[in-house]
Amino acid sequence: MSTDVEGGALMRNKADLAEHLASGCKPKSDWRIGTEHEKFVFRRSTLEPVPYEGPYGIQTILQRLTAFDWEPVVDEGKLIGLKRNGASISLEPGGQFELSGAPLLSIHETCAEVGKHLSEIRSVCENLNIGFLGLGFTPNWRFDDVPIMPKPRYRLMRDYMPKVGTLGRDMMFRTCTVQANMDFSSEADMIKKFRVSLALQPIATALFANSPFTEGKPNGFLSLRSHIWTDTDNARAGMLPFVFDRNFGFDAYVDYALDVPMYFVKRGGHYVNATGQSFRAFMDGKLPVLPGERPTEQDWVSHL
């Protein structure tokens, strides 16, 4: 790779991109589990969504949580998240409250982490008349009821989603999820875990299906959330059958990621709209919104 510049090393070819993926290999002794835990935020008295602004808003919740040694994360002057000891709290587009957990050793540590998080948010919301709901899809809110969080990249996504699917905005503003992130020791280990994870997805969806209502009525699905992903942005969503090909590995994943249309490039703290544009063209210095520039390591991370 080239020498470091702002945003990390320049990524000049596919070998650089594959090398970046391979750099994630860790010995088993260093393996950790990271989980992400999202929930809807609502007013207990009316069951309405909680806005960002105001004395009873999501911004206030974040401010109050700093009493538990969470450090503020600010974007364009707005408090949009918190961080502490390798963990973070962030906001999804519609105000879904997300704990991105620290890398931990076991599911028991994860359970303790989530329990502590829920205890903290209950404590700060005790006199705000605010509750939290962990379901795959909000059971009674209309799309127009949901507030928009002040994160610049969400504005880009909101405008782009209707161009690539019919349900992308529902995914952004009316769904929640729980996710798990795992380490790997080698390319072969990555391949095995990727294949097992994909193969288990339908089973996990069936076991934990909990989104049968839309706007107060049965919607005909046990998991509307999983249905929404069938028409969100099909260039970047779905089961990725090529993962089961004989030649799958870091190089094959790079080829896939290069052909997934971009969303943005971050420069000087601002998001440059690159929706629908090609990372391959970016590699050649031919990205229309940044002519002549080539991607950095951080650009690749953001694209992934």
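Arg236 counts as partly exposed, with a relative accessibility of 27%. In this predicted model, Arg236 is joined through a salt bridge to Asp233, and the closest N and O atoms of the two residues are 3.0 Å apart. The acidic partner is placed otherwise with respect to the surface: Asp233 counts as buried, because its relative accessibility is 4% and burial means a value under 20%. The bridge thus has one partly exposed partner, Arg236, and one buried partner, Asp233.

This pair belongs to a wider set, for the structure holds 15 salt bridges. Another of them is formed by the side chains of Glu120 and Arg84, with an N to O distance of 3.1 Å. Glu120 is part of helix α3, which covers residues 107-125, while Arg84 is part of strand β5, residues 78-84; the pair therefore ties together parts that lie 36 residues apart in sequence. Are the two side chains of this bridge buried or exposed? Glu120 has a relative accessibility of 4% and so counts as buried. Arg84, at 16%, also counts as buried, since the limit for that class is under 20%. The contact between helix α3 and strand β5 is accordingly made by a buried glutamate and a buried arginine.

A further salt bridge links Asp255 with Arg280, where the closest N and O atoms are 3.5 Å apart. Here two helices are involved: Asp255 lies in helix α8 (residues 250-258) and Arg280 in helix α9 (residues 279-283), so that the pair ties together parts 25 residues apart in sequence. Asp255 is partly exposed, its relative accessible area being 26%, and Arg280 is likewise partly exposed, with 30%. The bridge between these residues does not stand alone, as salt bridges with shared partners join Lys14, Asp255, Asp259 and Arg280 into one network.

From charged pairs the description turns to a nonpolar part of the surface. Which residues form the nonpolar patch there? The patch consists of Val196, Leu200, Ile203, Leu207 and Phe208, which together have about 540 Å² of accessible area. One of these residues, Leu200, is located in helix α6, spanning residues 187-207. Leu200 counts as partly exposed because its relative accessibility is 45%, and the partly exposed class lies between 20% and 50%. Leu200 also satisfies the accessibility condition for patch members, which is over 30%, given its value of 45%.

Conventions:
Residues are numbered from 1 along each chain as its sequence is written. This is a predicted model: local features need pLDDT of at least 70, side-chain atom pairs count only at pLDDT 80 or more; totals for chains, interfaces and linings use all residues. Side-chain values use heavy atoms; hydrogens and water are left out. A salt bridge is a side-chain nitrogen of Lys or Arg within 4 Å of a carboxyl oxygen of Asp or Glu. Helices (H or I, at least four residues) and strands (E, at least two) are DSSP runs, numbered from the N terminus. Buried means under 20% relative accessible area, exposed over 50%, partly exposed in between (1.4 Å probe, protein chains only). Patches are made of residues with over 30% relative accessible area and no salt bridge: like charges are joined within 9 Å, nonpolar side chains (Val, Leu, Ile, Met, Phe, Trp, Tyr) within 5 Å. Accessible areas come from the Shrake-Rupley method with a 1.4 Å probe; for residues, only the protein chains shown count as cover.
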